[in-house]
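Please work through the exercises below with the sequence and the structure open beside you, and try each task before reading its solution.

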Amino acid sequence: MCNADEVPALVLGAGVSGLAVLRSLGRSGVPVFVAGAETTLVRRSRWYRSAPGDAELRAGLAEYLRTSVLPQAVLFGCSDYWAETLAALPADLASRFPAVVAEPGVLSALTDKEAFAEAARVAGVPTPRTQRVSGLDDLAALSDHELVGAFLKPADSQRFSQRFGVKALSVRDRAHAAELLGPLAEEQHTMLLQEYIPGPPTGHVFLDGYVDRAGVMRACVARRRLRMHPADFGNSTLSVTVPVDEVKGAVDCLRRLFHTLGYKGLFDAEFMYDQRDEQFKLIEVNARPWWQLEILYACGVDVVPMAYRDALGLPISSIEEYRVGCTWVHPLPDVRSWWAARGRGSGSFPLRYWMRDANAVYSRDDPGPAVDELARALHVGAAAVRARVRRARSPRSR
């Protein structure tokens with residue numbers, strides 16, 4: 001456990017990932033501040049404290065840190081943007097405000113999907129078949145066979161998701177692909193055509209953990225996706241920890257990739273098991289805190305304090321064992337997932353998981369964010385009902 005007189009932590013970002021980091025540090029006794037939390041979800045936490053001069057962060061992180069009243073702090077970036085910003089900090093600031101994060105070139109190899117495919121190829125790690133389609137000329141060079149079951153995926157997923165609100169776009173046929181590529185090219189989105197690996201949500205396996213400053217993997221927890229939302233290209237809404245030995249092929253692949261890249265820091269790697277050739281195919285690696293981070297605390301592998309100590313040069317120990325069968329749920333999206341798939345193997349009713357192990361928003365020792373989430377859900381639901389009533393009363397609906 002860390003004492004309250006130690007170096008504080010500064011969490012950059014908000015949302016479910018930021019909340020998980022904040023809770024982990026708070027439970028460990030680390031004094032923690034949050035900057036850039038624009039949503040109330042994080043601000044409702046019992047451990048939330050706004051960073052001194054938070055509003056000045058708009059001028060840029062380096063300038064903010066140079067003028068900060070905090071003499072020192074360990075930094076945690078809770079998005080790709082913040083991870084890249086931390087990796088690019090000048091050396092004088094990085095020594096005062098340390099963070100265990102991958103080098104800029106390594107981050108680029110993981111966040112740029114085209115570079116990621118090449119990095120995996122060099123490391124000998126299986127991935128879904130992926131190729132760039134800049135425009136109609138690239139599309140014309142593809143066979144109809146290559147288009148069957150494929151989808152369009154952006155090289156810059158964060159920019160694409162902010163613009164369109166989805167991770168990828170399904171392709172029905174050649175004409176549909178051409179129709180989609182036109183507007184995307186105009187907005188200068190670099191797109192990749194990726195093979196779709198068939199299988200249920202449970203075919204997705206995730207490896208979560210931490211690689212220290214020396215490149216040693218100190219922790220690795222395996223979890224399996226049980227439900228997701230939306231059904232196509234969505235995020236996990238329900239996950240469960242499984243034995244590492246059950247997914248040894250995926251672990252070997254990840255170790256190989258990290259050794260090739262020289263990776264360090266927190267990680268969340270997604271694999272899909274391809275039943276056609278019985279291989280785990282690497283989909284992506286999040287090189288920063290992720291949504292399901294709190295399941296590691298629940299199963300006994302709390303990697304956030306580990307990263308905090310490592311950043312300060314303090315000794316850390318590897319954690320080899322964890323509780324299998326531990327669940328994580330994101331309540332409201334999971335209800336949508338269960339409802340959409342009801343009668344088609346949708347699994348157990350979501351409520352049974354809400355207070356079981358790890359929950360994206362609710363925690364017995366920190367209930368405030370769940371109250372905020374419920375209020376937001378009621379507001380959205382009420383707005384949807386009012387919109388439906390207005391449509392029913394509209395002259396056009398009669």
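The exercises that follow concern a predicted model, and each task is followed by a solution in steps.

**Exercise 1. Place strand 8 in its sheet.**

Task: Determine in what order the strands of the open sheet lie, and which strands form its edges.

Solution. Begin with the sheet as a whole, which is open, has seven strands in the order 12-11-8-9-10-13-14, and shows mixed pairing. The edges are strand 12 (279-286) and strand 14 (358-359), each of which pairs on one side only.

Next, take the pairings of strand 8 one by one. With strand 11 (residues 265-274), strand 8 pairs in the antiparallel sense over eight bridges, and within strand 11 it is leucine 266 that stands opposite tyrosine 210. With strand 9 (residues 217-229), strand 8 is again antiparallel, here through seven bridges, and aspartate 208 stands opposite valine 221 of strand 9.

Then look at the hairpin of strand 8 and strand 9, where five residues lie between the strands and glycine 215 takes a positive phi near 90°. Finally, turn to strand 13 (residues 327-329), which pairs with strand 14 in the parallel sense over two bridges; the bridge partner of valine 329 is asparagine 359 in strand 14.

**Exercise 2. Examine the two sides of strand 8.**

Task: Work out which residues of strand 8 point one way and which the other, and decide whether they are buried or exposed.

Solution. The general expectation comes first: in a regular strand, side chains alternate between the two faces of the sheet. In strand 8, His204, Phe206, Asp208 and Tyr210 point one way, while Val205, Leu207, Gly209 and Val211 point the other way, and all are buried. Strand 8 (residues 204-211) is accordingly described as mostly covered, with eight of its eight residues buried.

Two neighbours complete this step. Arginine 223 lies over the face of phenylalanine 206, at 4.2 Å from the ring centre, and helix 14 (residues 303-311) lies across strand 8, strand 9 and strand 11, running at about 30° to strand 8.

**Exercise 3. Classify two aromatic pairs.**

Task: Explain why the pair of tyrosine 81 and tryptophan 82 is edge-to-face, and why the pair of phenylalanine 258 and tyrosine 263 is stacked.

Solution. The structure holds eight aromatic pairs. The ring centres of tyrosine 81 and tryptophan 82 are 5.0 Å apart and their planes stand at 65°, so this pair is edge-to-face, because planes over 60 degrees apart are classed in that way. Tyrosine 81 is partly exposed, at a relative accessible area of 48%, whereas tryptophan 82 is buried at 11%.

For phenylalanine 258 and tyrosine 263, the centres are 4.4 Å apart and the planes are at 20°, so the pair is stacked. Phenylalanine 258 counts as buried at 6% relative accessibility, and tyrosine 263 counts as buried at 3%.

Rings are also found in other settings: Phe151, Tyr196 and Phe233 are linked by ring pairs into a cluster, and the charged end of arginine 49 sits over the ring of phenylalanine 33, 4.5 Å from its centre.

**Exercise 4. Survey the nonpolar cores.**

Task: Find how many residues the largest nonpolar core has, and which of them have the most contacts inside it.

Solution. The largest nonpolar core has 96 residues, and those with the most contacts inside it are Leu10, Leu25, Leu207 and Leu257. The largest share of this core comes from helix 12 (residues 248-261), which contributes seven residues. To follow one of these residues outward, set aside the neighbours of leucine 25 within four places in sequence; leucine 25 is then in contact with Ala9, Val11, Val30, Val32, Phe76, Val304 and Tyr308. A second, separate core has 13 residues, including Leu139, Leu152, Ala177 and Leu181.

**Exercise 5. Inspect the backbone in three loops.**

Task: Identify which peptide bond is cis, and establish where glutamine 188 and glutamate 278 lie.

Solution. The peptide bond from histidine 229 to proline 230 is cis, with omega near -10°, and proline 230 has its place in the loop between strand 9 and strand 10 (235-242).

Glutamine 188, a residue other than glycine, has a positive phi near 60°; it lies in the loop between helix 11 (174-186) and strand 7 (191-195). Glutamine 188 is exposed, because its relative accessible area of 66% exceeds the cut-off of 50%.

Glutamate 278 likewise has a positive phi, of about 60°, although it is not a glycine, and its place is in the loop between strand 11 and strand 12. At 61% relative accessibility, glutamate 278 counts as exposed.

Key:
Residues numbered from 1 in each chain as written. Predicted model: local features only at pLDDT ≥ 70, side-chain atom pairs only at ≥ 80, totals over all residues. Heavy atoms only, no water. Buried < 20%, exposed > 50% of the residue type's maximum accessible area, 1.4 Å probe, protein only. Helix = DSSP H or I, 4+ residues; strand = E, 2+ residues; numbered from the N terminus. Pairing = 2+ DSSP bridges. Phe/Tyr/Trp six-rings, centres within 6.5 Å; stacked < 30°, edge-to-face > 60°. Lys NZ or Arg CZ within 6 Å of the ring centre and 35° of its normal. Contact = heavy atoms within 4.5 Å. Axes fitted to C-alpha atoms, helices over the stretch in contact; angles between N-to-C directions. Core = buried A, V, L, I, M, F, W, Y, C linked by side-chain atoms within 4.5 Å.
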